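This briefing is for a reader who has not met the structure before. It takes up the bound molecules and then some details of the backbone.

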Amino acid sequence: MPSITSEAPASTRNSSSPLTSEQIRIAVDEELQRTPFIDIHTHLFMPSLGKLGLWGIDELLTYHYLEAELFRFAKVTPDEYWKLTKQGQADLIWQTLFIQNRPISESTRGVVAVLKAFGLDPSAKDLTQAREFFGKQEVSSHIRRVFELAGISEAVMTNDPLDPEEAPLWEHGAEPNDQFHAVLRLDRILNKWPEHWQVLQGKGYNVEAQLGGQSITEVRRFLSDWVKRMNPVYMACSLPDTFQYPEDSLRGRLLKEAVIPSCGEHNIPLSLMIGPRYQVNPAIKLAGDAVGKANLRALEHILVEFPKVRFLASILSRENQHEFCVYARKFANLMPFGCWWFLNQPSIVEEITRERIEMLGASFIPQHSDARVLEQVIYKWRNTRRTMGPIFTNTYTLLAEDGRAVTREDIRDDIKLLFRTNFERWVNLRDGRGLVSAA
Ligand code: RAT
Ligand code: ZN
């Protein structure tokens, strides 16, 4: 398990001497373990946001990735499943996916790794021991321990100013926390304006259904107020595979006239997450989204139109990944990040990361966890380190074979850039050393 420490690893002798291939492998593994990563997109919450933060065995087992798998193995219908209590749902998933079947999928194996990390029995016949353990934890110290086990120093949240449970907590001044950064998430505003414009109106912003009158100015005032309140590291939105830009639609106008200019005004990036096909199977709720190949010309048009705004982007379809790298070579204001959601499987992460290193060097952000339940960061980051090890070893071995001596310092610098500094610079988090940001 990684531990966050600034001490040099035992095997470091002289960090600027050239390494042999075997030493490269060891150095890569050690530097991956010892570098505290920044988790740049999660659905975790700082303690002052209270019940929004999910953790513990029942939440781990009812993760929507596992619910999707349950319906493949169990006879239960979605309707019957939703009527169960949270504990009833977790028990059913445990019995079905872990006892009656072997937990060999990525998401089930993740629960095994979490239980193991806390010394709990991953083959237990029921959840008594696990429930007792998690029931005894105090949330703040538990978060610190989990981050330590995951090898992350900070997690970036997803904060929706129109979430009826979340917004009041911010409005009453939620206490910030060094381990968490806020993100102003705009899905409700951008994708579901017809259902939400009245919420803005109710909060004193003079907006209209068809964006007439003062609407655009008022949306910008709303965004500015929330930037002040949350101090977000970026604004974000997920967009469907059918996303077009420019587009004669409410979303097209909101993006062009309100959201992107507001990012420019406040000098914070916009994260575009493109590619879900929302709710292809609504019966299974959060698990019911799928994926479609996107038209990345939409992204191209945004990058051309707003050269001074910095964009983070993650694209959901595997089929889009190569052209996505090509766009990053063309536009310095684009920062590709993560292998998102259905792409976060070792075989696909490996393919995408190799492609990105080959095409972009160390000028991207390889991964985020997307954790919804606190302890998931333990297995997700463990898997990322395990998958990335051989990729970086191969990268530096090829470099050494081609004639450029590789040192531990080189490896350390690149891993730090990829998993920390590129993000810090992009969002102006600290005075990191890395890419020169576009604006
Ligand atoms: O990965 C997930 O859990 C998805 O359901 C989404 O939350 C996605 O990551 C998103 O942020 O929209
Ligand atoms: Zn997410």
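**Ligands and backbone details**

Ligand 1 sits in the largest pocket. The model is a predicted one. A zinc ion, ligand 2, has protein donors from His41, His43 and Asp370. Two backbone features are also described below: a cis peptide bond between tyrosine 245 and proline 246, and a positive phi at asparagine 267.

**Surroundings of ligand 1**

- The residues around ligand 1 are His41, His43, His64, Tyr65, Arg185, Met273, Trp340, Trp341, Asp370 and Arg372.
- By kind, this shell divides into 4 nonpolar, 3 polar and 3 charged residues.

**Polar contacts and cover of ligand 1**

- In the side chain of arginine 185, an N or O atom is 2.7 Å from an oxygen atom of ligand 1.
- For aspartate 370, a side-chain N or O atom is 2.8 Å from an oxygen atom of the ligand.
- Histidine 64 has a side-chain N or O atom 2.9 Å from an oxygen atom of ligand 1.
- On its own, ligand 1 has 300 Å² of accessible area, and the protein covers 94% of that.

**The zinc ion**

- The donor atoms are NE2 of His41, NE2 of His43 and OD of Asp370, and they lie 2.0 to 2.1 Å from the zinc ion.
- Along the sequence, the spacing of these donor residues is H-x1-H-x326-D.
- Histidine 41 belongs to the loop between β1 (37–39) and α2 (57–61), while aspartate 370 belongs to the loop between α16 (346–360) and α17 (376–401), so the pair ties together parts that are 329 residues apart in sequence.
- Aspartate 370 therefore appears in two settings: as a donor of the zinc ion and in the loop between α16 and α17.

**Backbone details**

- The peptide bond that joins tyrosine 245 and proline 246 is cis, with omega at about 0°.
- Proline 246 has its place in the loop between β5 (234–239) and α13 (250–266).
- Asparagine 267 is a residue other than glycine with a positive phi, near 55°.
- The loop between α13 and β6 (270–274) is where asparagine 267 is found.

Notes
Residues numbered from 1 in each chain as written. Chains lettered and ligands numbered in written order. Predicted model: local features only at pLDDT ≥ 70, side-chain atom pairs only at ≥ 80, totals over all residues. Heavy atoms only, no water. Near = heavy atom within 4 Å. Polar contact = N/O pair within 3.5 Å; in protein donor to acceptor, adjacent residues only side chain to side chain. Areas by Shrake-Rupley, 256 points an atom, 1.4 Å probe, with all protein chains shown as cover. 1 Å grid on protein atoms, 1.4 Å probe; cavity = no way out; pocket = protein on both sides within 12 Å on 5 of 7 lines; lining within 4 Å. Sits in = over half its atoms within 2 Å of the grid points. Nonpolar A, V, L, I, M, F, W, Y, C, P; charged D, E, K, R; others polar. Donors = N, O, S within 2.8 Å, 3.2 Å for Na, K, Ca; no water. Helix = DSSP H or I, 4+ residues; strand = E, 2+ residues; numbered from the N terminus.
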